[in-house]
Amino acid sequence: MALYDLEDMWRFTLLWTLIIFGLVHLGAAGIALMMQVGKKKSNWKFLWLVPLLYAAVAGAEALLAGSLVGVVVGATYKAGAFTMSTWIPFIWGWVNVLILILSSFRIQGGL
């Protein structure tokens with residue numbers, strides 16, 4: 001299957017980015033919740049908000065990243081008169097989340 005229209009290229013990239021960001025962020029929320037096992041009961045009062053907050057942040061980040069990347073990659077494919085494989089938006093969704101993970105680390109210069 002191939003994508004021919006810019007709107008389809010954008011939509012596939014956005015949807016894959018939303019799915020992958022959601023899975024990664026909810027996985028991180030699950031790890032955060034598991035770190036609280038065995039802690040005081042008072043910590044659990046507001047801990048149910050963690051997955052909701054992570055999901056909201058994932059949605060906002062994915063909406064921005066998926067839309068921008070989808071339009072840029074789609075426009076590039078349209079300008080070259082190429083058709084886009086449906087695997088390309090999936091790969092760009094993973095590229096988006098890997099860039100997010102890498103940018104979360106602090107980079108120290110060696111000067």
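In this short talk I will go through the salt bridges, one helix and the aromatic pairs of the structure above. Please keep in mind throughout that we are looking at a predicted model.

Let me begin with the charged side chains. As background, side chains of opposite charge can pair when their charged atoms come close. Searching the whole structure turns up two salt bridges, and I would like to take them one after the other. In one of them R11 pairs with E7, with the closest N and O atoms 3.0 Å apart, and these two residues are both found in helix α1, which runs over residues 6–34, where they sit four residues apart, or about one turn of the helix. The other joins the side chains of D8 and R11, again with an N to O distance of 3.0 Å, and here the two partners, both in helix α1, are three residues apart, which is likewise about one turn of the helix. Taken together, E7, D8 and R11 are therefore linked in a network of salt bridges.

How exposed are the members of that network? E7 has a relative accessibility of 52%, so it counts as exposed, the cut-off being over 50%. R11, by contrast, is partly exposed at 32%, and D8 is also partly exposed, with a value of 23%.

I turn now to helix α3, which covers residues 87–103. With 17 residues at 1.5 Å a residue, helix α3 should span 24 Å, and since its end C-alpha atoms are in fact 24 Å apart, the expected and the computed lengths agree. Which residues of α3 are buried? They are P89, G93, N96 and V97, and because they cover an arc of only 85° around the axis, they lie on the same side of α3. As for what that side packs against, the buried residues of α3 meet β1 (2–3), α1, α2 (49–79) and β2 (84–85). On the other side of α3 we find W87, I99 and L102, which are exposed.

That brings me to the aromatic rings, of which the structure holds four pairs. Among them is the pair of Y77 and F82, whose ring centres lie 6.4 Å apart with the planes at 75°, so this pair is edge-to-face. Y77 is partly exposed, at 22% relative accessibility, whereas F82, with a relative accessible area of 54%, is exposed. Another pair is made by F90 and W94, with ring centres 6.4 Å apart and planes at 80°, so that it, too, is edge-to-face. Both F90 and W94 belong to helix α3, where they are four residues apart, about one turn of the helix. Their relative accessibilities are 24% for F90 and 37% for W94, so each of the two counts as partly exposed.

Finally, ring pairs link W16, W87, F90 and W94 into a cluster. I would point out that one of these, W87, was named a moment ago as exposed on the other side of α3 from its buried residues.

To close, there are two pictures to keep: a network of salt bridges that links E7, D8 and R11, and a helix α3 whose buried residues share one side, while F90 and W94 of that helix take part in an aromatic cluster.

Definitions and conventions:
Residues are numbered from 1 along each chain as its sequence is written. This is a predicted model: local features need pLDDT of at least 70, side-chain atom pairs count only at pLDDT 80 or more; totals for chains, interfaces and linings use all residues. Side-chain values use heavy atoms; hydrogens and water are left out. A salt bridge is a side-chain nitrogen of Lys or Arg within 4 Å of a carboxyl oxygen of Asp or Glu. Buried means under 20% relative accessible area, exposed over 50%, partly exposed in between (1.4 Å probe, protein chains only). The expected span of a helix is 1.5 Å times one less than its number of residues. The arc is that of the directions from the helix axis to the C-beta atoms. Contact means heavy atoms within 4.5 Å. Rings of Phe, Tyr and Trp (its six-membered ring) pair if their centres lie within 6.5 Å; planes under 30 degrees apart count as stacked, over 60 as edge-to-face and the rest as tilted.
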